Amino acid sequence: MDESNFEKLASMVKGFTGIEKDRVSLGYRPGTQLVRGYSGIERETGAISAPIYLSVPYVHPSFDESTGFGYARYGTPTRLELENTIAMLEHGLKAWAFSSGMAAISILLKLFVPGDHIIVSNDLYGGTYRLFTTIYGRYGLVFTYADTSNLEDVKKELRRETKAVFIETPSNPMMNVTDIKAVAELCKNNNALTIVDNTLLSPYFQRPIDFGADIVIHSGTKYLGGHNDIMSGFIVIADKTLIEPFFTFTMSEGGVLPPFDCWLTLRSLKTLGLRMEKQQENALGMVDFLKNHKKVEKVFYVGDRDHPGLEISRRQTSGSGGMISFYLKDKEDARGIINKLKLILFAESLGGTETLLTYPVVQTHGAIPEELRSIVGVNEKLLRISAGVEDPADLIEDLDQAFT
Ligand SMILES: Cc1ncc(COP(=O)(O)O)c(C=O)c1O
(Lines give C-alpha, C1' and ligand atoms only; values in the text may rest on other atoms or scores of the structure.)
Protein backbone atom coordinates (compact mmCIF):
# COMPACT_ATOMS: atom_id res chain seq x y z
CA MET A 1 0.00 0.00 0.00
CA ASP A 2 1.39 3.40 -0.92
CA GLU A 3 1.75 6.06 1.76
CA SER A 4 -1.15 8.23 0.46
CA ASN A 5 -3.60 5.32 0.65
CA PHE A 6 -2.34 4.55 4.16
CA GLU A 7 -2.91 8.19 5.16
CA LYS A 8 -6.41 8.14 3.60
CA LEU A 9 -7.40 5.02 5.54
CA ALA A 10 -5.84 6.46 8.67
CA SER A 11 -8.10 9.51 8.34
CA MET A 12 -11.24 7.42 7.77
CA VAL A 13 -10.82 4.42 10.07
CA LYS A 14 -10.64 5.19 13.78
CA GLY A 15 -7.65 3.59 15.46
CA PHE A 16 -6.12 2.60 12.09
CA THR A 17 -2.58 3.62 13.05
CA GLY A 18 -2.75 1.89 16.43
CA ILE A 19 -2.64 3.14 19.98
CA GLU A 20 -1.47 6.66 20.79
CA LYS A 21 1.84 6.45 22.60
CA ASP A 22 1.08 9.55 24.68
CA ARG A 23 -2.16 8.15 26.17
CA VAL A 24 -2.29 8.66 29.94
CA SER A 25 -3.26 4.99 30.41
CA LEU A 26 0.05 3.84 28.91
CA GLY A 27 1.85 5.30 31.91
CA TYR A 28 -0.05 3.17 34.44
CA ARG A 29 1.11 -0.16 35.82
CA PRO A 30 -0.51 -3.35 34.42
CA GLY A 31 -2.93 -3.75 37.35
CA THR A 32 -4.33 -0.25 36.73
CA GLN A 33 -4.34 -0.65 32.94
CA LEU A 34 -6.45 -3.80 33.34
CA VAL A 35 -9.08 -2.06 35.46
CA ARG A 36 -9.29 1.18 33.49
CA GLY A 37 -8.67 -0.07 29.95
CA TYR A 38 -7.22 2.11 27.21
CA SER A 39 -9.75 4.96 27.32
CA GLY A 40 -10.86 4.86 30.95
CA ILE A 41 -14.26 6.54 31.10
CA GLU A 42 -16.24 7.49 27.99
CA ARG A 43 -15.82 11.27 27.73
CA GLU A 44 -19.26 12.25 26.32
CA THR A 45 -21.37 10.34 28.85
CA GLY A 46 -19.04 9.65 31.77
CA ALA A 47 -19.77 5.90 31.50
CA ILE A 48 -17.29 3.90 33.58
CA SER A 49 -18.23 0.61 31.92
CA ALA A 50 -17.44 0.74 28.19
CA PRO A 51 -20.71 1.12 26.24
CA ILE A 52 -21.83 -1.68 23.92
CA TYR A 53 -22.39 -0.33 20.40
CA LEU A 54 -24.54 -2.78 18.44
CA SER A 55 -24.95 -0.81 15.21
CA VAL A 56 -23.60 -2.52 12.09
CA PRO A 57 -23.56 0.47 9.68
CA TYR A 58 -22.39 3.95 10.79
CA VAL A 59 -23.67 7.12 9.13
CA HIS A 60 -21.15 9.33 7.34
CA PRO A 61 -21.73 13.04 8.14
CA SER A 62 -21.07 14.00 4.48
CA PHE A 63 -19.57 12.67 1.23
CA ASP A 64 -16.03 13.48 2.39
CA GLU A 65 -16.37 12.83 6.10
CA SER A 66 -16.37 9.78 8.37
CA THR A 67 -16.93 9.32 12.09
CA GLY A 68 -14.10 6.80 11.96
CA PHE A 69 -16.55 3.91 11.73
CA GLY A 70 -18.37 2.65 8.64
CA TYR A 71 -19.36 -1.00 8.88
CA ALA A 72 -19.01 -3.39 11.82
CA ARG A 73 -16.72 -5.84 10.04
CA TYR A 74 -14.12 -3.04 9.78
CA GLY A 75 -14.54 -1.96 13.38
CA THR A 76 -16.94 -0.98 16.15
CA PRO A 77 -16.34 1.38 19.09
CA THR A 78 -16.61 -1.44 21.66
CA ARG A 79 -14.23 -3.65 19.71
CA LEU A 80 -11.77 -0.79 19.24
CA GLU A 81 -11.67 -0.16 22.99
CA LEU A 82 -10.94 -3.85 23.60
CA GLU A 83 -8.35 -4.01 20.81
CA ASN A 84 -6.60 -0.88 22.09
CA THR A 85 -6.61 -2.26 25.63
CA ILE A 86 -5.04 -5.54 24.50
CA ALA A 87 -2.44 -3.70 22.36
CA MET A 88 -1.58 -1.51 25.36
CA LEU A 89 -1.27 -4.50 27.73
CA GLU A 90 0.96 -6.39 25.28
CA HIS A 91 3.18 -3.31 24.68
CA GLY A 92 2.20 -3.57 21.01
CA LEU A 93 1.05 -1.02 18.46
CA LYS A 94 -2.29 -2.44 17.35
CA ALA A 95 -4.54 -5.43 18.01
CA TRP A 96 -7.49 -7.12 16.32
CA ALA A 97 -10.15 -9.16 18.13
CA PHE A 98 -11.62 -12.32 16.60
CA SER A 99 -14.33 -14.82 17.45
CA SER A 100 -11.83 -17.48 18.60
CA GLY A 101 -8.13 -18.13 18.99
CA MET A 102 -8.23 -20.34 15.90
CA ALA A 103 -9.92 -17.56 13.89
CA ALA A 104 -7.04 -15.25 14.91
CA ILE A 105 -4.40 -17.81 13.88
CA SER A 106 -6.21 -18.41 10.60
CA ILE A 107 -6.11 -14.67 9.80
CA LEU A 108 -2.44 -14.61 10.82
CA LEU A 109 -1.61 -17.26 8.23
CA LYS A 110 -2.96 -15.02 5.44
CA LEU A 111 0.38 -13.20 5.70
CA PHE A 112 2.06 -16.10 3.94
CA VAL A 113 1.96 -17.37 0.37
CA PRO A 114 2.49 -20.86 -1.10
CA GLY A 115 6.06 -22.04 -0.62
CA ASP A 116 6.61 -19.99 2.55
CA HIS A 117 8.12 -22.02 5.37
CA ILE A 118 7.21 -21.63 9.03
CA ILE A 119 9.07 -23.24 11.93
CA VAL A 120 6.69 -24.21 14.72
CA SER A 121 7.18 -25.31 18.35
CA ASN A 122 6.77 -29.08 18.26
CA ASP A 123 4.81 -28.97 21.51
CA LEU A 124 1.72 -26.92 20.78
CA TYR A 125 -2.06 -26.89 21.04
CA GLY A 126 -3.48 -29.72 18.90
CA GLY A 127 -6.00 -27.46 17.15
CA THR A 128 -3.19 -25.19 15.92
CA TYR A 129 -1.36 -28.24 14.55
CA ARG A 130 -4.56 -29.38 12.79
CA LEU A 131 -5.13 -25.94 11.25
CA PHE A 132 -1.52 -25.76 9.99
CA THR A 133 -1.28 -29.26 8.65
CA THR A 134 -4.68 -30.25 7.38
CA ILE A 135 -5.84 -26.85 6.13
CA TYR A 136 -2.99 -24.45 5.35
CA GLY A 137 -0.69 -27.28 4.23
CA ARG A 138 -3.19 -27.77 1.38
CA TYR A 139 -2.66 -24.14 0.33
CA GLY A 140 1.07 -24.62 -0.04
CA LEU A 141 2.39 -23.34 3.30
CA VAL A 142 5.18 -25.53 4.63
CA PHE A 143 5.44 -26.19 8.38
CA THR A 144 8.27 -27.96 10.16
CA TYR A 145 8.27 -28.68 13.87
CA ALA A 146 11.21 -28.02 16.17
CA ASP A 147 11.98 -28.00 19.86
CA THR A 148 12.04 -24.20 20.05
CA SER A 149 13.28 -24.37 23.66
CA ASN A 150 16.57 -25.46 22.03
CA LEU A 151 17.90 -22.69 19.76
CA GLU A 152 20.12 -25.15 17.87
CA ASP A 153 17.02 -27.10 16.84
CA VAL A 154 15.47 -23.92 15.44
CA LYS A 155 18.69 -23.04 13.57
CA LYS A 156 18.74 -26.49 11.96
CA GLU A 157 15.28 -25.92 10.47
CA LEU A 158 16.08 -22.51 8.93
CA ARG A 159 15.80 -22.35 5.12
CA ARG A 160 15.86 -19.63 2.52
CA GLU A 161 12.04 -19.80 2.41
CA THR A 162 11.62 -19.49 6.20
CA LYS A 163 9.28 -16.57 6.82
CA ALA A 164 8.40 -17.07 10.49
CA VAL A 165 8.98 -18.97 13.71
CA PHE A 166 5.77 -19.68 15.63
CA ILE A 167 6.35 -20.30 19.33
CA GLU A 168 4.18 -21.36 22.22
CA THR A 169 5.93 -20.47 25.48
CA PRO A 170 5.28 -22.01 27.88
CA SER A 171 4.20 -24.75 25.52
CA ASN A 172 0.97 -26.63 25.87
CA PRO A 173 0.96 -29.21 27.46
CA MET A 174 4.65 -29.93 28.26
CA MET A 175 5.40 -26.43 29.63
CA ASN A 176 8.66 -26.06 27.68
CA VAL A 177 10.10 -22.56 27.81
CA THR A 178 11.48 -20.87 24.70
CA ASP A 179 13.91 -17.95 24.93
CA ILE A 180 11.88 -15.32 23.05
CA LYS A 181 14.78 -12.86 22.75
CA ALA A 182 17.16 -15.46 21.32
CA VAL A 183 14.61 -16.65 18.74
CA ALA A 184 13.68 -13.06 17.83
CA GLU A 185 17.36 -12.21 17.21
CA LEU A 186 17.75 -15.28 15.02
CA CYS A 187 14.61 -14.34 13.08
CA LYS A 188 15.71 -10.73 12.58
CA ASN A 189 19.00 -11.92 11.09
CA ASN A 190 17.08 -14.20 8.72
CA ASN A 191 14.24 -11.84 7.71
CA ALA A 192 11.66 -13.98 9.44
CA LEU A 193 8.88 -12.96 11.81
CA THR A 194 8.75 -14.06 15.43
CA ILE A 195 5.21 -15.02 16.40
CA VAL A 196 4.37 -15.94 20.00
CA ASP A 197 1.18 -17.60 21.24
CA ASN A 198 0.95 -15.92 24.65
CA THR A 199 -2.23 -17.69 25.76
CA LEU A 200 -0.79 -19.55 28.75
CA LEU A 201 0.66 -16.57 30.62
CA SER A 202 -1.32 -13.60 29.25
CA PRO A 203 0.19 -10.08 29.15
CA TYR A 204 -0.16 -9.94 32.92
CA PHE A 205 2.85 -12.26 33.26
CA GLN A 206 4.58 -12.12 29.85
CA ARG A 207 4.92 -9.49 27.09
CA PRO A 208 6.79 -11.09 24.17
CA ILE A 209 7.02 -7.82 22.18
CA ASP A 210 9.40 -6.49 24.87
CA PHE A 211 11.77 -9.31 23.86
CA GLY A 212 11.60 -8.70 20.11
CA ALA A 213 8.48 -10.63 18.99
CA ASP A 214 6.77 -9.14 15.93
CA ILE A 215 3.34 -10.66 16.50
CA VAL A 216 1.56 -12.00 19.57
CA ILE A 217 -1.54 -14.13 19.29
CA HIS A 218 -4.00 -15.26 21.95
CA SER A 219 -6.81 -17.58 22.58
CA GLY A 220 -8.77 -15.00 24.59
CA THR A 221 -11.10 -17.87 25.46
CA LYS A 222 -8.59 -18.77 28.21
CA TYR A 223 -7.18 -16.30 30.76
CA LEU A 224 -8.30 -13.06 29.10
CA GLY A 225 -11.97 -14.12 29.11
CA GLY A 226 -11.24 -16.17 32.19
CA HIS A 227 -14.69 -17.48 33.15
CA ASN A 228 -15.19 -20.36 30.70
CA ASP A 229 -17.96 -18.42 28.96
CA ILE A 230 -16.51 -16.37 26.06
CA MET A 231 -14.65 -17.47 22.94
CA SER A 232 -12.24 -14.91 21.52
CA GLY A 233 -8.87 -14.55 19.86
CA PHE A 234 -6.38 -11.73 19.31
CA ILE A 235 -3.57 -10.68 17.02
CA VAL A 236 -1.23 -7.99 18.35
CA ILE A 237 1.47 -6.40 16.19
CA ALA A 238 4.58 -4.51 17.18
CA ASP A 239 5.18 -2.62 13.97
CA LYS A 240 3.39 -0.29 11.53
CA THR A 241 4.23 -2.40 8.47
CA LEU A 242 1.76 -5.08 9.54
CA ILE A 243 -1.23 -2.72 9.94
CA GLU A 244 -2.32 -2.72 6.33
CA PRO A 245 -2.21 -6.49 5.70
CA PHE A 246 -4.15 -7.34 8.86
CA PHE A 247 -6.66 -4.54 8.23
CA THR A 248 -7.26 -5.96 4.73
CA PHE A 249 -7.56 -9.59 5.89
CA THR A 250 -9.90 -8.67 8.75
CA MET A 251 -12.21 -6.38 6.81
CA SER A 252 -12.31 -8.89 3.93
CA GLU A 253 -12.90 -12.03 5.99
CA GLY A 254 -14.70 -11.02 9.17
CA GLY A 255 -14.60 -13.61 11.95
CA VAL A 256 -14.43 -10.61 14.28
CA LEU A 257 -15.57 -10.48 17.91
CA PRO A 258 -19.20 -9.28 18.37
CA PRO A 259 -19.89 -6.21 20.54
CA PHE A 260 -21.32 -8.02 23.58
CA ASP A 261 -18.37 -10.42 23.73
CA CYS A 262 -15.99 -7.44 23.42
CA TRP A 263 -17.64 -5.81 26.40
CA LEU A 264 -17.64 -9.05 28.42
CA THR A 265 -13.92 -9.46 27.70
CA LEU A 266 -13.24 -5.87 28.78
CA ARG A 267 -15.10 -6.62 32.01
CA SER A 268 -13.15 -9.84 32.50
CA LEU A 269 -9.83 -8.07 31.97
CA LYS A 270 -10.49 -5.90 35.03
CA THR A 271 -9.83 -8.97 37.21
CA LEU A 272 -7.14 -10.65 35.08
CA GLY A 273 -4.40 -9.72 37.55
CA LEU A 274 -6.38 -10.88 40.59
CA ARG A 275 -7.33 -14.13 38.88
CA MET A 276 -3.84 -14.90 37.64
CA GLU A 277 -2.24 -14.30 41.04
CA LYS A 278 -4.79 -16.60 42.68
CA GLN A 279 -4.54 -19.24 39.93
CA GLN A 280 -0.76 -19.21 40.34
CA GLU A 281 -1.08 -19.58 44.12
CA ASN A 282 -3.50 -22.51 43.67
CA ALA A 283 -1.21 -24.08 41.07
CA LEU A 284 1.76 -23.87 43.44
CA GLY A 285 -0.25 -25.69 46.12
CA MET A 286 -1.18 -28.46 43.69
CA VAL A 287 2.41 -28.72 42.38
CA ASP A 288 3.54 -29.30 45.94
CA PHE A 289 0.92 -32.00 46.46
CA LEU A 290 1.68 -33.73 43.14
CA LYS A 291 5.45 -33.66 43.58
CA ASN A 292 5.12 -35.46 46.88
CA HIS A 293 2.58 -38.07 45.77
CA LYS A 294 3.74 -41.63 45.25
CA LYS A 295 1.53 -42.13 42.17
CA VAL A 296 3.11 -39.18 40.35
CA GLU A 297 6.27 -39.68 38.32
CA LYS A 298 7.05 -36.12 37.23
CA VAL A 299 5.53 -32.64 37.42
CA PHE A 300 5.91 -29.97 34.71
CA TYR A 301 5.40 -26.45 36.06
CA VAL A 302 7.42 -23.49 34.78
CA GLY A 303 7.86 -21.94 38.21
CA ASP A 304 9.20 -25.15 39.73
CA ARG A 305 12.83 -25.05 40.90
CA ASP A 306 13.54 -28.26 38.92
CA HIS A 307 12.17 -26.87 35.65
CA PRO A 308 14.96 -26.63 33.03
CA GLY A 309 13.53 -23.36 31.68
CA LEU A 310 13.38 -21.61 35.07
CA GLU A 311 16.21 -19.16 34.35
CA ILE A 312 14.77 -18.07 31.00
CA SER A 313 11.31 -17.90 32.53
CA ARG A 314 12.56 -15.56 35.23
CA ARG A 315 14.09 -13.29 32.59
CA GLN A 316 11.05 -12.99 30.35
CA THR A 317 8.07 -13.33 32.70
CA SER A 318 6.85 -11.92 35.98
CA GLY A 319 5.00 -15.09 37.01
CA SER A 320 4.66 -18.75 36.24
CA GLY A 321 0.88 -18.96 35.85
CA GLY A 322 -1.70 -21.59 36.61
CA MET A 323 -0.93 -24.50 34.27
CA ILE A 324 0.51 -27.81 35.48
CA SER A 325 1.09 -31.06 33.63
CA PHE A 326 2.22 -34.30 35.25
CA TYR A 327 3.05 -37.91 34.47
CA LEU A 328 1.46 -40.66 36.48
CA LYS A 329 3.74 -43.59 37.26
CA ASP A 330 1.06 -45.93 35.93
CA LYS A 331 -1.07 -44.88 32.97
CA GLU A 332 -3.82 -47.24 34.19
CA ASP A 333 -4.46 -44.80 37.08
CA ALA A 334 -5.65 -42.03 34.75
CA ARG A 335 -9.21 -43.30 34.23
CA GLY A 336 -9.78 -43.95 37.95
CA ILE A 337 -8.49 -40.52 39.01
CA ILE A 338 -10.62 -38.73 36.40
CA ASN A 339 -13.74 -40.64 37.43
CA LYS A 340 -13.21 -39.98 41.14
CA LEU A 341 -12.74 -36.20 40.95
CA LYS A 342 -15.66 -34.36 42.57
CA LEU A 343 -14.71 -30.68 42.52
CA ILE A 344 -12.09 -30.48 39.77
CA LEU A 345 -13.86 -30.74 36.43
CA PHE A 346 -12.81 -33.13 33.67
CA ALA A 347 -13.08 -30.74 30.72
CA GLU A 348 -11.13 -29.48 27.76
CA SER A 349 -10.03 -25.87 28.27
CA LEU A 350 -7.87 -23.74 30.52
CA GLY A 351 -7.48 -20.35 32.13
CA GLY A 352 -10.94 -20.03 33.69
CA THR A 353 -12.13 -19.56 37.25
CA GLU A 354 -12.97 -23.28 37.61
CA THR A 355 -10.13 -25.79 38.00
CA LEU A 356 -10.14 -28.18 35.04
CA LEU A 357 -8.33 -31.43 34.44
CA THR A 358 -7.62 -32.50 30.87
CA TYR A 359 -6.32 -35.74 29.36
CA PRO A 360 -4.29 -34.23 26.48
CA VAL A 361 -3.61 -37.45 24.59
CA VAL A 362 -7.27 -37.87 23.68
CA GLN A 363 -8.60 -34.33 24.17
CA THR A 364 -6.62 -31.16 23.37
CA HIS A 365 -3.83 -33.00 21.54
CA GLY A 366 -5.79 -35.84 19.93
CA ALA A 367 -5.27 -34.23 16.49
CA ILE A 368 -1.47 -34.59 16.73
CA PRO A 369 -0.12 -37.82 15.24
CA GLU A 370 1.30 -40.33 17.68
CA GLU A 371 4.77 -39.98 16.12
CA LEU A 372 5.04 -36.26 16.96
CA ARG A 373 3.25 -36.70 20.30
CA SER A 374 5.77 -39.30 21.43
CA ILE A 375 8.76 -37.07 20.53
CA VAL A 376 7.27 -34.35 22.70
CA GLY A 377 6.15 -36.66 25.50
CA VAL A 378 2.36 -36.40 25.26
CA ASN A 379 1.34 -39.92 26.21
CA GLU A 380 -1.25 -41.85 28.20
CA LYS A 381 0.51 -41.06 31.50
CA LEU A 382 0.07 -37.30 31.05
CA LEU A 383 -2.62 -35.24 32.77
CA ARG A 384 -2.96 -31.45 32.67
CA ILE A 385 -4.49 -29.17 35.30
CA SER A 386 -5.61 -25.59 34.80
CA ALA A 387 -5.85 -24.06 38.27
CA GLY A 388 -8.97 -22.04 39.00
CA VAL A 389 -9.67 -19.63 41.83
CA GLU A 390 -11.40 -21.96 44.31
CA ASP A 391 -10.27 -22.43 47.91
CA PRO A 392 -6.92 -24.25 47.59
CA ALA A 393 -7.69 -26.60 50.50
CA ASP A 394 -10.73 -27.95 48.64
CA LEU A 395 -8.63 -28.56 45.53
CA ILE A 396 -5.99 -30.52 47.46
CA GLU A 397 -8.67 -32.51 49.28
CA ASP A 398 -10.27 -33.40 45.96
CA LEU A 399 -6.97 -34.51 44.43
CA ASP A 400 -6.16 -36.47 47.57
CA GLN A 401 -9.42 -38.44 47.54
CA ALA A 402 -9.19 -39.03 43.77
CA PHE A 403 -5.61 -40.34 44.02
CA THR A 404 -6.44 -42.71 46.87
C1 LIG B 1 -2.33 -22.26 23.42
C2 LIG B 1 -3.61 -22.19 22.62
N3 LIG B 1 -3.64 -21.45 21.50
C4 LIG B 1 -4.76 -21.35 20.75
C5 LIG B 1 -5.92 -22.04 21.09
C6 LIG B 1 -7.15 -21.91 20.26
O7 LIG B 1 -8.06 -21.04 20.83
P8 LIG B 1 -9.66 -21.12 20.73
O9 LIG B 1 -10.09 -22.38 21.41
O10 LIG B 1 -10.10 -19.88 21.38
O11 LIG B 1 -10.00 -21.15 19.27
C12 LIG B 1 -5.92 -22.82 22.26
C13 LIG B 1 -7.13 -23.56 22.66
O14 LIG B 1 -7.13 -24.37 23.56
C15 LIG B 1 -4.74 -22.90 23.03
O16 LIG B 1 -4.67 -23.64 24.16
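This passage describes the overall fold, the seven-stranded sheet and the ligand shell of a predicted model.

Residues are numbered from 1 along each chain as its sequence is written. In this predicted model, local features need pLDDT of at least 70 and side-chain atom pairs count only at pLDDT 80 or more, while totals for chains, interfaces and linings use all residues.

The chain has 15 helices and twelve strands. These are DSSP runs numbered from the N terminus (helices: H or I, at least four residues; strands: E, at least two). The radius of gyration is 21 Å, close to the 22 Å of the globule rule for 404 residues, so the chain is as compact as a globular protein of that length. The radius is taken over C-alpha atoms, and the rule is 2.2 Å times the number of residues to the power 0.38. Along its principal axes, the C-alpha trace spans about 75 × 50 × 35 Å. Buried residues account for 47% of the 404 residues. A residue is buried if 20 or more other C-beta atoms, placed from the backbone, lie within 10 Å of its own.

Seven strands form an open sheet with mixed pairing, in the order β1-β7-β6-β5-β4-β2-β3. Strands pair if DSSP finds at least two bridges between them. The edges are β1 (94-98) and β3 (142-146), each of which pairs on one side only. From one strand to the next, the twist averages 20 degrees. Angles run from 0 to 180 degrees between N-to-C directions of axes fitted to C-alpha atoms.

Strand β5 (residues 193-197) has five of its five residues buried, so it is largely enclosed by the rest of the structure. L193, I195 and D197 point one way, and T194 and V196 the other. Strand β4 (residues 162-168) runs parallel to β5 and is joined to it by five bridges. Here A164 stands opposite L193. The chain passes from β4 through helix α7 (residues 180-189) to β5 in a right-handed β-α-β crossover. Right-handed means a clockwise path from the first strand over the helix to the second, with the strands pointing away from the viewer.

Three bridges join β5 to β6, again in parallel. I195 has I215 of β6 as its bridge partner. Strand β6 (residues 215-219) pairs with β7 (residues 233-237) in the antiparallel sense over five bridges. In that pair, V216 is partnered by V236.

The ligand is surrounded by 14 residues, with S100, G101, M102, S219 and T221 the closest. Surrounding residues have a C-beta atom, placed from the backbone, within 6 Å of the ligand. Helices α4 (101-108) and α5 (126-135) are the elements that give two or more residues to this shell. By class, the shell has three nonpolar, nine polar and two charged residues. Nonpolar covers Ala, Val, Leu, Ile, Met, Phe, Trp, Tyr, Cys and Pro; charged covers Asp, Glu, Lys and Arg; the others, Gly among them, count as polar.

Note on methods: Buried ≥ 20, exposed ≤ 12 C-beta atoms within 10 Å, placed from the backbone.
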